[in-house]
Amino acid sequence: MTFNKSNFHKHTFCIFQEVALDVLKDLKLHYKSKSGSSYYFVEDGVYRQSNHWGRAANCKWRLISDNNKNRTKIGYANWSDFYPDNDFEKLYFIEVDFTNKSAHFNHFQSEKYSNVAILRTATETAKLLKQIRTLLEETAWTKHLKEESIAVLRKEIIDQLITTNRSFQEIKRDYL
């Protein structure tokens, strides 16, 4: 499916890249939502100025940002960065950055999908993502496990969670 200014806001997943405020100075505002987000359409994509990212109406839109100061941010995405979203198909996989202890989900149609991670529905992905974020931040779950290096153990277990359908409890038994 090809997305454009007339359908990008209907059940889509997208990752926007933050851009500077001055990018909008010569652009015409095309639409302002009831929640206060502003949309500026260009030939190749859309700029969105908003103070809320993540769930936007019936869409899942994430903003990649280095700026944690400003609440209102401007993101840009090409039309080709939008993917179809629904709650019943297995569309999502999880990516983990062990260095920064962060985890996010992505769409299988993105160029980042390598056919290694298991695809899951949005609900399954959200549940597993929550568990993985807990494993990245906490260490209480390592009590009574054989592995001495928490970093190694964390990576091994999370990698298995992402690439198999085994539960955390099943995987954890391997390390008792």
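Here are five short exercises with worked solutions on this predicted model.

**Exercise 1. Get your bearings**

Find how many helices and strands the protein chain has, and in which pattern they follow along the sequence.

*Solution.* Start with the tally: the protein chain has 3 helices and 10 strands. Next, read along the sequence, and the pattern comes out as β-β-β-β-β-β-β-β-β-β-α-α-α. For the overall dimensions, take the C-alpha trace, which spans about 60 × 35 × 25 Å along its principal axes. Then turn to burial: of the 176 residues in the protein chain, 39% are buried. The chain exposes about 10,800 Å², and carbon and sulfur atoms supply 50% of that area. Finally, consider contacts between residues at least 6 apart in sequence: 62% of them join residues at least 24 apart.

**Exercise 2. Describe a helix pair**

Work out how helix 1 and helix 2 are oriented relative to each other, and which residues meet between them.

*Solution.* Recall what is needed: two packed helices are described by the angle between their axes and the distance between the axes. Helix 1 covers residues 122-137 and helix 2 covers residues 150-163; their axes come within 10 Å and cross at roughly 175°. Because angles over 145 degrees count as roughly antiparallel, helix 1 is roughly antiparallel to helix 2. Now list the residues that meet. Helix 1 contributes Leu 128, Gln 131, Ile 132, Leu 135 and Leu 136, while helix 2 contributes Arg 154, Ile 157, Ile 158, Leu 161 and Ile 162. Sorted by class, this contact has 8 nonpolar, 1 polar and 1 charged residues.

**Exercise 3. Follow the aromatic rings**

Classify the geometry of the Phe 8 and Phe 41 pair, then say where its two members lie.

*Solution.* The count of aromatic pairs comes to 19. In the pair of Phe 8 and Phe 41, the ring centres are 5.7 Å apart and the planes make an angle of 80°, an edge-to-face arrangement. Next, place the two residues: Phe 8 sits in the segment before strand 1 (12-19) and Phe 41 in strand 3 (residues 38-42), so the pair links distant parts of the chain, 33 residues apart. Both Phe 8 and Phe 41 are buried. Widen the view, and both belong to one aromatic cluster together with Phe 16, Tyr 31, Tyr 39, Trp 53, Trp 61, Trp 79 and Phe 82.

**Exercise 4. Examine two residues and their contacts**

Decide whether Ile 15 and Thr 121 are buried or exposed, and list what each one touches.

*Solution.* Begin with Ile 15, in strand 1. Its relative accessible area is 18%, and because buried means under 20%, Ile 15 is buried. Setting aside residues up to four places away in sequence, Ile 15 touches Arg 62, Ile 64, Ala 77, Asp 81 and Asn 106. The C-alpha atoms of Ile 15 and Asn 78 are separated by 9.6 Å, with their positions 63 residues apart along the chain.

Move on to Thr 121, in the loop between strand 10 (102-107) and helix 1. At 11% relative accessibility, Thr 121 also counts as buried. Apart from neighbours within four places in sequence, Thr 121 contacts Asp 87, Phe 88, Glu 89, Lys 90 and Tyr 92.

**Exercise 5. Check two positive phi values**

Locate His 11 and Ala 57, and state how accessible each is.

*Solution.* For His 11, phi is near 55°, a positive value in a residue other than glycine. His 11 lies in the segment before strand 1 and, at 43% relative accessible area, is partly exposed. For Ala 57, phi is likewise near 55°. Ala 57 lies in the loop between strand 5 (54-56) and strand 6 (59-64) and is exposed, with a relative accessible area of 78%.

Key: Residues numbered from 1 in each chain as written. Predicted model: local features only at pLDDT ≥ 70, side-chain atom pairs only at ≥ 80, totals over all residues. Heavy atoms only, no water. Axes fitted to C-alpha atoms, helices over the stretch in contact; angles between N-to-C directions. Helix = DSSP H or I, 4+ residues; strand = E, 2+ residues; numbered from the N terminus. Parallel < 35°, antiparallel > 145°, perpendicular 65-115°, else oblique. Contact = heavy atoms within 4.5 Å. Nonpolar A, V, L, I, M, F, W, Y, C, P; charged D, E, K, R; others polar. Buried < 20%, exposed > 50% of the residue type's maximum accessible area, 1.4 Å probe, protein only. Areas by Shrake-Rupley, 256 points an atom, 1.4 Å probe, with all protein chains shown as cover. Phe/Tyr/Trp six-rings, centres within 6.5 Å; stacked < 30°, edge-to-face > 60°.
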